[in-house]
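These exercises ask you to read a model of two chains step by step. Try each task before reading its solution.

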Amino acid sequence: MPELVFKPKSKFWEFVGAKIISISALSALIGILLIFVFIFKEALPVFTNSEVQEEASLDKMTFKQEYYEGREAKYSWQPNSTVPKYSLYPLFLGTIKAAIIAMLFAAPLGIGAAIYSSEFASRRMRETIKPVIELLAAIPSVVLGFFALIVLATFLQNVLGLTFRLNALNAGIALGLAVIPIIFTVAEDAMTSVPRSLREAAIALGANPWQVSMTMVLPAALPGIAAGVVLGFGRAIGETMIVLMASGNAAIVSASFVESVRTFSATIAAELAEVVFGSTHYTVLFFIGTLLFVFTFAINLGGELVLGRIKEKLQGRTQ
Amino acid sequence: MKAHESTISYGHDLLATNLEFKEKTRGLIPRGLTLAAVILIVLMLGVIMFNVIIGGIGIISWEFVSHPPEQGMEEGGVFPAIFGTVALVILMVIAVVPIGVLTAIYLHEYTSPTSKITRLIRVAIANLAGVPSIVFGLFGLGFFIAFIGGGLDWLFYSSEGPVWGQPAIIWAALTLALLTLPVVIVSTEEALRTIPRELIEASYALGGTKLQTIIRIIIPQALPGILTGSILAVSRGAGEVAPIMFTGAAYYLPYLPSKLNDQFMELGYHIYVMATQSPNIEATKPILYGTVLVLLVLTFLLNFVAIYIRSSMRKKRAA
């Protein structure tokens, strides 16, 4: 006969077990706090150390600087030149350009596929679409970067006749491939969480299925879809390997989408290995890391808040 | 009179058919557009996979996966990178799975879903999942290598050079463990929700304590979910490059890692290095494609297994 009797209770192990479990539960919380503390700690000299500030104060990283006497003031990121230049503006511009292209590419596709999967697809079809999107999400970003670098860049250059092989457009499209699954998953989840009873009520009132989708489900799920887009944008800003490999990594100030760009994340990845521990350059790279962390943190917090609220509203319960 | 009636009924019919017609055609457009989005996504996934398979299949052989790179990575195989990747994810799983599972159990069994601490932990998990991978790399460098590793050196090895305070496989694995923690937690939680409440209550009714119930009932019942989470974490961890660039991965090593503080080669990093730093990209290309194929096959296999386990778990719950 199998062992059906529990061993005698031990208060001691019960206590230890409970403590181990509750301490482990704090790991995610502690983890995120440690990330912030340790990244910010390395970036702190930007605010406190006058030697660092001489080259890279907040002012100097934000506004145009006259690096050489008599020459025009400009934005420039050249940390290794004889006159180190730490303007973050070119990097900011590059990051935003790549992310905007990624969103223009990924948002319509992600939302469109989500609408199809939740509103039009048969059960069978839906069970095919979802794993396919999961596979897309599973492609390591270094593979997407490789694909953009070797295949997509050549294709775009030949088709559009571009001067620069690696550019914001190329990086943005590859970035979009990484963002599509996020938008799809969040948007689809928002639409399927619209209660069945609401749909049935609308159908009972004489609406046909697509009217239900367009006039009832979509408006109800709109905040969720928006949250998906915003979360996708957060990913596009923080993604590293794709832009590092596919963007050309030139920190230039230009409005063109077919010139090379250098993003915040790629700058850290490309330069951190060569900097001297504790130098101004090192500090600035951690400062960029802090910016990325704070920005994505705010986006995620906002996104989660919106998602929690619409679930509450639609289903009358908290997740 | 008659004429009047017929006009009315005629007008009504016209209105009705008109509406119906409009609805049908208008329903087709969103349906078609959204289906086009799905098809485009599937197509792009197909193009990437096709390209990688065609480019890489020719070089895949037993020799390729069992030999080290030769001739500046233009010949030979990728064995050290495969070995390093496997060693890395094993260490990562050892670190992340127990903590992730215990966190999920805590959230599910020890607190009410609306309590402050639960909400805080959930916010932390959601945000941890959104932190850019390059920020994890910075964190690994600042926390694990400089703080923990440097601290250990200062305490025990003050006379020698850095022993622990340098890039090493253990630091890379711990960095990835933090990155994949949300994957394990979310997946385990999903499994916990599928356990019939009666089973747990029966255990308590028979006099089982909380710890006994967790060890004898909850963990065994949640095993498929824990397995899914671990596999997904491995798939994610095996593909991430940005977090390990500064925390332990090496361009090339003539030996395999044998100690926790050794550096290592890794598939994703190997791809990055070959794709961007090779002096002769044409000569490296076959090996590059082969490496991408190995990584992609590894990732997809892991994901297929995870998707399969999860879907059979969901079917069991539905039944």
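Helix axes are lines fitted to C-alpha atoms over the stretch in contact, and the angle between two axes runs from 0 to 180 degrees between N-to-C directions. The model is predicted.

**Exercise 1. A helix pair across the interface**

Task: Describe how α2(A) and α4(B) pack, and state which residues meet.

Solution.

Step 1. Two packed helices are described by the angle between their axes and the distance between the axes. For helix α2 of chain A and helix α4 (residues 116-130) of chain B, the angle is about 55° and the axes are 8 Å apart.

Step 2. Angles under 35 degrees count as roughly parallel and those of 65 to 115 as roughly perpendicular, while over 145 is roughly antiparallel and the rest is oblique. α2(A) and α4(B) are therefore oblique to each other.

Step 3. The hand of the crossing of α2(A) and α4(B) is left-handed.

Step 4. On the side of α2(A), the residues are Ala28(A), Leu29(A), Gly31(A) and Ile32(A). They meet Leu120(B), Ile121(B), Ala124(B), Ile125(B), Asn127(B) and Leu128(B) in α4(B). Sorted by class, this contact of α2(A) with α4(B) has eight nonpolar residues, two polar and no charged ones.

**Exercise 2. The whole interface**

Task: State how many residues each chain gives to the contact, and which helix of chain A gives the largest share.

Solution.

Step 1. Chain A contributes 71 residues to the contact, and chain B contributes 71 residues.

Step 2. On the side of chain A that touches chain B, the largest share is eleven residues, from helix α2 (residues 27-43) of chain A.

Step 3. That side of chain A divides into 48 nonpolar, 16 polar and seven charged residues.

**Exercise 3. A second partner for α4(B)**

Task: Describe how α4(B) packs against α6(B) within chain B.

Solution.

Step 1. The axes of α4(B) and helix α6 (residues 169-194) of chain B cross at roughly 130° and come within 8 Å.

Step 2. α4(B) and α6(B) are therefore oblique to each other. The crossing of α4(B) past α6(B) is left-handed.

Step 3. From α4(B), the contact is made by Ile125(B), Leu128(B) and Ala129(B), and from α6(B) by Leu181(B), Pro182(B) and Ile185(B). The contact of α4(B) with α6(B) has six nonpolar residues, with no polar and no charged residues.

Step 4. Now look back at the first exercise. Ile125(B) and Leu128(B) are among the residues of α4(B) that α2(A) meets, and Ile125(B) and Leu128(B) are also in the contact with α6(B).

**Exercise 4. Buried or exposed?**

Task: Decide whether Ala187(A) and Tyr289(B) are buried or exposed.

Solution.

Step 1. The cut-off for a buried residue is 20 or more other C-beta atoms within 10 Å of its own.

Step 2. Ala187(A) lies in helix α9 (residues 168-192) of chain A. Ala187(A) has 28 C-beta neighbours inside 10 Å, so it counts as buried. Beyond its neighbours within four places in sequence, Ala187(A) is in contact with Gly110(A), Ile111(A), Ala114(A), Gly224(A), Ile225(A) and Gly228(A).

Step 3. Tyr289(B) is in helix α10 (residues 281-318) of chain B. Tyr289(B) has 24 C-beta neighbours inside 10 Å, so it counts as buried. Leaving aside neighbours within four places in sequence, its contacts are Val52(B), Gly55(B), Gly56(B) and Ile59(B).

Step 4. Separation along a chain can be set beside separation in space. Tyr289(B) and Gly56(B) are 233 residues apart along the chain, yet their C-alpha atoms are separated by 4.5 Å. Ala187(A) and Ala269(A) are 82 residues apart in sequence, and their C-alpha atoms are 31 Å apart in space.

**Exercise 5. The chains as wholes**

Task: Which elements does each chain have, and what radius of gyration?

Solution.

Step 1. Chain A has 14 helices and two strands, and chain B has ten helices and two strands. From the N terminus, the elements of chain B run α-α-β-β-α-α-α-α-α-α-α-α.

Step 2. The radius of gyration of chain B is 28 Å, well over the 20 Å that the globule rule gives for 319 residues, so chain B is more spread out than a compact globule. For chain A the radius of gyration is 25 Å, whereas a compact globule of 319 residues would have one near 20 Å.

Step 3. The C-alpha trace spans about 80 × 65 × 40 Å along its principal axes in chain A and about 110 × 65 × 35 Å in chain B.

Step 4. Buried residues make up 48% of chain A and 45% of chain B.

Definitions and conventions. Residues numbered from 1 in each chain as written. Chains lettered and ligands numbered in written order. Predicted model: local features only at pLDDT ≥ 70, side-chain atom pairs only at ≥ 80, totals over all residues. Contact = placed C-beta atoms within 7 Å. Helix = DSSP H or I, 4+ residues; strand = E, 2+ residues; numbered from the N terminus. Nonpolar A, V, L, I, M, F, W, Y, C, P; charged D, E, K, R; others polar. Left-handed = near helix turned anticlockwise from the far one by under 90°. Rg over C-alpha atoms; globule rule 2.2 N^0.38 Å. Buried ≥ 20, exposed ≤ 12 C-beta atoms within 10 Å, placed from the backbone.
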